[in-house]
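Reader: I've got this one open in the viewer and I'd like a close look at just one part. Could you walk me through the sheet and how its strands connect?

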Amino acid sequence: MKNLLFLLISFFCMAGNAQEKTDSVKVVELAKVLQEKTAQNKKLMEENKKIQQENENLLEIVLLKLRKLIGSRSTIEKQEKNVFFQNNQGTKAENRTDPVEEIEIYDGADTIRGGWFYRLFHKNDFYYKRYKLVDNEKVYLD
């Protein structure tokens, strides 16, 4: 009985998937279309390679011309600078009238933790306050 049930189930499983023979014709047509597309793709790839080589050649030509142009300008500028320095006389130090900037020299700096607003944005950061010693007392400069 078990064998009979097994044979019936296997028969119905095989009989349920019956397909027509036209599928093989569709596969052959798709293969032909695929071959045509691959041939077209190869032609396009060859044309693309030719165009890329032409672009590279044109780019090399443009770069060479640009280098020549820059080289000629730099030699002209160098010649102009040499002429400028040859004709220019040196300036004497006593004729200089530039304003003098005061330089503030501090004695030290303390690390100070900021107020609550500063600590709100900078948690554990400290900032430096510079000071000068005047009569052994710190006078902060900031």
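Author: Happy to, and keep in mind that this is a predicted model. Let's start in the middle of things, with one pair of residues: Ile112 has Tyr127 in β2 as its bridge partner. That contact belongs to the pairing of β1 with β2 (residues 126-134), which is antiparallel and runs over 6 bridges.

Now step across to the other neighbour. β2 also pairs with β3, again in the antiparallel sense, this time over 4 bridges. Here Leu133 is matched with Lys138 in β3.

Put those together and you get an open sheet of 3 strands in the order β1-β2-β3, with antiparallel pairing. β1 (108-113) and β3 (137-140) sit at the edges with a single partner strand each, so one side of each has no neighbour in the sheet. From one strand to the next, the twist averages 50°. As a general point, strands of a sheet pair through backbone hydrogen bonds, either parallel or antiparallel.

The turn deserves a look too. β2 and β3 make a hairpin, with 2 residues between them. Asp135 is in that loop between β2 and β3, and its phi is near 55°, a positive value in a residue other than glycine. Asn136 is in the loop between β2 and β3 as well; it isn't a glycine either, yet it has a positive phi of about 60°.

Are these loop residues buried or exposed? Exposed counts as over 50% relative accessible area. Asp135 has 70% relative accessibility, so it counts as exposed, and Asn136, at 78%, therefore counts as exposed too.

Notes
Residues numbered from 1 in each chain as written. Predicted model: local features only at pLDDT ≥ 70, side-chain atom pairs only at ≥ 80, totals over all residues. Heavy atoms only, no water. Pairing = 2+ DSSP bridges. Axes fitted to C-alpha atoms, helices over the stretch in contact; angles between N-to-C directions. Buried < 20%, exposed > 50% of the residue type's maximum accessible area, 1.4 Å probe, protein only.
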